[in-house]
Amino acid sequence: MTSMNMVQSLNSALDVMLERDPKVLIFGEDVGYFGGVFRVTDKLQQKHGLKRCFDAPISESGIIATAIGMGAYGLRPVPEIQFADYILPAFDQLVSEAARLRYRSGGEFWAPITVRSPYGGGIFGGQTHSQSPEAIFAHITGLKTVIPSNPYDAKGLLIASIECDDPVIFLEPKRLYNGPFDGRHEQQVKSWAGHPDADVPDGYYTVPLGKAAVVREGEAVTMLAYGTMVHVALAGIQDSGVDAELIDLRSIVPLDIDTIIESVKKTGRCVILHEASRYGGFGGELSALVQERCFHWLEAPVERVAGWDTPYPHAFEWDYFPGPKRVATALKKAMQD
Amino acid sequence: MSNRAKLSFYVPEPRVRPGHQPSFEHFEIPPAGAVRRPEVGSSEHEIRDLPYTLIRVLDEEGRAVGAWDPKLPHETMIAGLRAMMLTRAFDDRLFRAHRQGKTSFYMKSTGEEAIGAAQSMVLEAEDMCFPTYRVLSWLMARGYPLSDLVNQIFSNARDPLQGRQLPILYSARDYGFYSLSGNVGSRFGHAVGWAMASAYSEDDKIALAYIGEGTTAEGDFHEALTFASVYHAPVILCVTNNQWAISSFAGIAGADETTFAAKAIAYGIPGLRVDGNDFLAVWAATEWAAERARTNRGATLIELFTYRSEGHSTSDDPTKYRPADEPAIWPLGDPVERLKQHLIAIGAWDEDRHAALAAELDKTVRGAVKEAEAIGTLGKSKPPVEQMFEGVFKEPDWRLIEQRGELEASS
């Protein structure tokens with residue numbers, strides 16, 4: 001066990017997999033000698049050699065296309081897209097190719113690729129370094145979408161993603177790289193040091209895809225969150241005084257529907273939190289599932305707390321970011337109905 | 001496997017890394033004045049030598065030599081020098097403002113100031129530039145108000161972009177400067193479309209676009225060239241080759257295999273390769289391409305060969321991936337120093353005037369920063385929060401109206 005922040009635990013996952021499996025290789029913009037703009041691939045080229053971890057041209061479509069080709073050959077590429085905001089030039093490759101290759105070829109070809117990409121706000125990154133695009137991937141049949149919320153899960157989920165034979169979009173909450181962030185932006189920045197989820201085994205382990213974590217048990221209301229918002233949810237629960245059960249989904253495809261249903265049947269109420277804008281966001285799908293499967297147990301309408309339906313605005317970072325205050329308001333509202 | 005030889009996987013690497021002696025001796029740099037200047041009406045297939053050489057006007061002694069000398073009046077060159085020096089003074093001051101916590105982000109264009117300054121002056125007020133984030137000198141040459149730049153950088157109540165955009169991603173329509181975005185390359189095709197629209201409308205405006213050498217890898221670059229070629233669009237497409245894309249050397253964009261100017265050949269449009277630190281060479285090449293565009297001869301691709309002297313942005317430390325002393329040995333010098341040297345050589349300038357101008361510009365920049373600080377730095381002042389919901393659509397829909405109300409109720 002070593003105390004690691006999320007950058008270090010992700011780096012450790014990649015290090016372990018490069019060591020274990022010669023078919024694993026990493027490429028992307030600035031990931032080679034430099035080690036990535038967020039340092040996640042730091043020293044991997046120096047340790048494992050140039051051809052295992054190398055720089056790619058600035059072409060997200062090219063990066064994903066070549067990763068698919070390598071995957072089809074039999075390798076397990078782990079391409080990085082520097083910011084999730086930059087993934088869109090590769091969208092056709094992900095949607096029309098990676099997601100469908102197995103299906104359309106009758107199982108002759110498939111793309112076991114893991115696309116790592118930092119996402120989310122809270123860093124004053126403006127419109128093009130802050131977005132949360134998970135819903136658009138969740139909508140695509142054939143792609144898995146994984147979002148860790150702490151260093152331990154990040155490593156185990158990344159290893160499980162790399163070993164998965166389906167294409168995985170692995171979204172890293174960049175605001176959590178160096179410490180847990182609960183949305184209380186006026187407070188001093190925290191590090192992961194001393195956090196129980198920062199104790200990370202040095203070697204190989206996995207956290208299975210499609211298995212949610214009950215972060216806090218409660219009786220009054222079920223709160224669904226993932227990524228950065230798990231920590232914001234905890235703060236909001238604390239502020240509200242509501243005895244909420246908090247579920248960290250960890251992956252939205254595959255989705256741990258059983259854990260969600262079991263909890264909502266127990267509490268009879270549900271609040272969903274995500275940072276991405278609300279309309280057409282993944283909260284809509286969660287809300288529909290809860291309503292379809294728990295209708296007779298529900299005592300109040302499902303609440304959603306999300307980013308506003310605007311681009312991510314630089315000056316209004318904390319007006320946009322759905323912080324603990326909005327979470328607490330939604331929890332109280334869910335309890336009133 | 002058969003008994004054929006094994007394949008090997010190739011990944012390019014720069015010649016040196018930190019801790020080693022930097023060198024640019026592998027670059028073939030022809031002497032100033034050596035490259036021919038073809039007639040503007042030349043056909044592309046007659047000028048396929050130009051993408052493989054380097055158009056230079058200013059020699060080592062600061063003389064303007066050869067057929068590409070644009071023979072500019074002294075006051076024009078002094079105006080260009082002023083725009084470049086203003087850019088540098090502004091960059092230095094605002095980079096420091098970031099270090100002092102007054103904003104979230106900044107990017108300098110140090111070493112590349114000749115490009116925006118010269119091209120801004122060659123093009124007409126009604127033409128449109130589709131910039132990258134490193135052509136501040138375009139705006140400086142056109143007298144964009146400095147305090148508005150700083151207000152944008154501070155995202156304060158007077159920010160002309162209403163607090164919506166990351167610092168330095170300006171938009172300045174009245175100055176022929178199209179809206180910037182943080183994603184790279186995606187406006188290259190807009191320039192071609194704008195130029196096609198001008199031709200379609202039988203107008204007389206042309207467009208100019210920039211893209212970094214690293215971003216030539218994006219599909220946007222190749223798509224734009226295809227459309228520019230097919231429709232003979234009146235556009236000047238510029239690749240600013242500053243050798244570094246954050247930590248990736250230009251070889252990761254294919255520079256070890258050919259030149260960026262030579263990409264033009266496959267699309268059948270002229271490609272010029274120009275010393276980007278030579279104000280006069282940039283001017284002359286741009287003038288040549290502009291004349292082609294204005295006379296229905298279509299697009300030109302210009303590679304502006306330069307060097308990013310500083311980090312990519314305030315988030316970058318270039319000493320982690322390139323030798324710290326590499327900027328000092330860039331063989332094509334500093335654009336400000338070279339134009340200054342030329343002006344002194346021809347008797348149009350002197351050290352005293354230069355020092356006086358530098359002091360004046362520094363004072364001007366400090367004044368603009370003070371003015372913006374009085375309104376507020378990042379987080380200390382911002383536009384009214386309802387601005388966040390404006391401009392998503394021409395008119396906000398019910399969602400935005402409801403959400404604005406929800407935010408107001410909660411604050």
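In what sense do β1(B) and strand β2 (residues 207-212) of chain B pair, and over how many bridges? I looked this up before anything else. β1(B) and β2(B) pair in the parallel sense, over three bridges. I note here that the model is predicted.

**Entry: the sheet of chain B**

I followed the pairing outward from these two strands. They belong to an open sheet of five strands in chain B, ordered β1-β2-β3-β7-β6, and the pairing is parallel. I looked for the edges and found β1 (128-130) and β6 (271-275) of chain B, each of which pairs on one side only. Ignoring direction, I get an average turn of 20° between neighbouring strands of this sheet. For the register of the β1-β2 pair I wrote down one position: Met128(B) stands opposite Ala207(B) in β2(B).

Next I checked which helices pack on the sheet. Helix α5 (residues 188-200) of chain B packs there and touches β1, β2 and β3 (235-241) of chain B. The direction of α5 makes about 170° with that of β2(B). Helix α6 (residues 219-230) of chain B also packs on the sheet, touching β2, β3 and β7 (300-305) of chain B. For α6 I took the angle against β3(B), and the directions make about 150°.

**Entry: α4 and α10 of chain B**

I then turned to helix pairs. Helix α4 (residues 146-154) and helix α10 (residues 351-375) of chain B pack with their axes 8 Å apart, at an angle of about 50°. α4(B) and α10(B) are therefore oblique to each other. I recorded their crossing as right-handed. From α4(B), the residues in contact are Leu146(B), Ser147(B), Val150(B), Asn151(B) and Phe154(B). They meet Thr364(B), Val365(B), Ala368(B), Val369(B), Glu371(B), Ala372(B) and Ile375(B) in α10(B). I sorted the residues of this contact into eight nonpolar, three polar and one charged.

**Entry: α1 and α2 of chain B**

Helix α1 (residues 74-99) and helix α2 (residues 113-122) of chain B pack at about 135°, and their axes lie 9 Å apart. That makes α1(B) and α2(B) oblique to each other. The crossing of α1(B) past α2(B) is right-handed. On the α1(B) side I listed Gly80(B), Ala83(B), Met84(B), Thr87(B) and Arg88(B). On the α2(B) side I listed Glu113(B), Ala114(B), Ala117(B), Ala118(B) and Met121(B). The contact holds six nonpolar, two polar and two charged residues.

**Entry: domains of chain A**

The domain assignment splits chain A into domain 1 (2-200) and domain 2 (213-336). Over C-alpha atoms, I find the centres of these two domains separated by 25 Å. In their contact, 31 residues of domain 1 of chain A face 29 residues of domain 2 of chain A. I asked which elements of domain 1 give two or more residues to this side, and they are α6 (134-138), β6 (144-146), α7 (151-163) and β7 (168-173) of chain A. The domain 1 side divides into 13 nonpolar, 12 polar and six charged residues.

**Entry: chain A against chain B**

Last, I looked at the contact between the chains. It takes 36 residues from chain A and 39 residues from chain B. On the chain A side, β3 (53-55), α3 (60-73), α11 (317-320) and α12 (324-336) are the elements that give two or more residues. α12(A) gives the most, with three residues. I sorted the chain A side into 17 nonpolar, 10 polar and nine charged residues.

Conventions
Residues numbered from 1 in each chain as written. Chains lettered and ligands numbered in written order. Predicted model: local features only at pLDDT ≥ 70, side-chain atom pairs only at ≥ 80, totals over all residues. Contact = placed C-beta atoms within 7 Å. Helix = DSSP H or I, 4+ residues; strand = E, 2+ residues; numbered from the N terminus. Nonpolar A, V, L, I, M, F, W, Y, C, P; charged D, E, K, R; others polar. Axes fitted to C-alpha atoms, helices over the stretch in contact; angles between N-to-C directions. Parallel < 35°, antiparallel > 145°, perpendicular 65-115°, else oblique. Left-handed = near helix turned anticlockwise from the far one by under 90°. Pairing = 2+ DSSP bridges. Domains from an automatic or database assignment.
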